[in-house]
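The exercises below concern charged side chains and backbone angles, and each task is followed by a solution that goes step by step.

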Amino acid sequence: MDKKLPESKVIVVTSGKGGVGKTTTVANVSSALARVGYKVAVLDLDIGLKKLDLLLGLENRVIYDIVQVIEGEIELKKAMVKDKRFPCLHMLPAAQTRNKADITPEQVKDVCEQLRPDYDFIFIDCPAGIEQGFQNAIAAADQAIVVTNPEISAVRDADRIIGMLLSAQFDDDDIGLVVNRLRPEMVKDGNMLSIDDLVEHLSIDLLGVIPEDKNVVISTNKGEPIILNEKSAAAAALNNIAMRISGKEVEIPTFQEESVLQKLKTFGRKFFSTM
């Protein structure tokens, strides 16, 4: 299948803080785009701690890794792992027995340049932190997605990451925000930051909101992208994020619960409009 886009997009997905759902976002957004026919490559740059292959259910098919490619031990195309569920999706695994200092930003750029002619989207799964691994991951990217949870510590780290991205090669328009694990009932009770608060504080465009969903844990343990679960609210949110990345206009739901008074007002408006 030929590429759909005239120019490839290299997108780094980062967070600063670990455990916010960054790799889950990469696995599912890339799968969603591949499912509708875009040619997608995903690079796991979490050298030494790799887990993208687990979330995609491809761990048993991994033979080579990105460090072997960079060191010339194996050709890039031979190291790419094809996902049988989504034929348009290929993954370049991280090395588990090496460390982030074993590759350089220039080498990551070279790998991405080799991939650009064959793929519409190239996603880079950035490791947590702000050191060498972060510099490696952002070097080749045209755009960045910052994933955060609506928690003070995660937002603080996201804010720092956004500042570092803006100090590098990115403009405001190149960075999108994904808020993961939103719990509307906690926002309503004042125990969790609201989406409006997050967007105002971080000052970047909102790309998507993913609600808390126990099905994500289940799918992760099975090595199956959550987007395959048609009944999952998180799956719907991740599919919508993928569509926005592809250029389609999709409304972002707020997941805010209406109060009883608000529901009565809404009912009243609908009732009287039919009279």
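A residue is called buried when its relative accessible area is under 20%, exposed when it is over 50%, and partly exposed in between. The model examined here is a predicted one.

**Exercise 1.** Determine where E106 and K109 lie, what joins their side chains, and into which accessibility class each residue falls.

Solution. Begin with the secondary structure: both E106 and K109 belong to helix α5, where they are 3 residues apart, or about one turn of the helix. Next consider the contact, for which a side-chain nitrogen of Lys or Arg must be within 4 Å of a carboxyl oxygen of Asp or Glu; the side chains of E106 and K109 form such a salt bridge, with an N to O distance of 3.6 Å. Finally classify the two residues: E106 has 53% relative accessibility and therefore counts as exposed, while K109, with a relative accessible area of 33%, is partly exposed.

**Exercise 2.** Explain which parts of the chain are tied together by the salt bridge between K100 and D46, and classify both partners.

Solution. The closest N and O atoms of K100 and D46 are 3.7 Å apart, and the pair forms a salt bridge. K100 is placed in the loop between β4 (89–92) and α5 (105–115), whereas D46 is in the loop between β2 (40–44) and α2, so the pair ties together parts that are 54 residues apart in sequence. As for accessibility, K100 counts as partly exposed because its value is 23%, and D46 counts as buried because its value is 12%. A search of the whole structure finds 10 salt bridges.

**Exercise 3.** Describe the salt bridge between R183 and E185, and then state which residues are joined into one network.

Solution. The side chains of R183 and E185 meet in a salt bridge at 3.1 Å, N to O. R183 has a relative accessible area of 36% and is therefore partly exposed, and E185, at 32%, is likewise partly exposed. Salt bridges that share partners also join E71, R98 and D102 into one network.

**Exercise 4.** Work out what surrounds the side chain of D213, given that this residue is buried yet has no salt bridge.

Solution. D213 is placed in the loop between β8 and α10 (214–222). The nearest side chain of opposite charge is that of K214, which is 7.5 Å away. Turning to polar partners, the side chains of D213 and N215 are joined by a polar contact of 2.8 Å, and a polar atom of the D213 side chain lies 3.2 Å from the backbone nitrogen of A234.

**Exercise 5.** Classify D53 and D205 as buried or exposed, and say where each is found.

Solution. D53 lies in helix α2 (residues 52–55) and counts as buried because its relative accessibility is 4%; its side chain makes a polar contact of 3.4 Å with the side chain of K50. D205 is found in strand β8 (residues 205–211) and counts as exposed because its relative accessibility is 52%. D205 also takes part in a negative surface patch together with D171, D172 and D173.

**Exercise 6.** Locate R181 and S203, and examine the sign of phi in each.

Solution. R181, in strand β7 (residues 175–182), has a positive phi of about 65° although it is not a glycine. S203, in the loop between α9 (195–202) and β8, also has a positive phi, near 60°, and is a residue other than glycine. With 33% relative accessibility R181 counts as partly exposed, whereas S203 has a relative accessible area of 52% and is therefore exposed.

Definitions and conventions
Residues numbered from 1 in each chain as written. Predicted model: local features only at pLDDT ≥ 70, side-chain atom pairs only at ≥ 80, totals over all residues. Heavy atoms only, no water. Patch = residues over 30% accessible without salt bridge, like charges linked within 9 Å, V, L, I, M, F, W, Y side chains within 5 Å. Areas by Shrake-Rupley, 256 points an atom, 1.4 Å probe, with all protein chains shown as cover. Lys, Arg positive; Asp, Glu negative; His and termini not counted. Charge placed at Lys NZ, Arg CZ, Asp CG, Glu CD. Helix = DSSP H or I, 4+ residues; strand = E, 2+ residues; numbered from the N terminus. Buried < 20%, exposed > 50% of the residue type's maximum accessible area, 1.4 Å probe, protein only. Polar contact = N/O pair within 3.5 Å; in protein donor to acceptor, adjacent residues only side chain to side chain.
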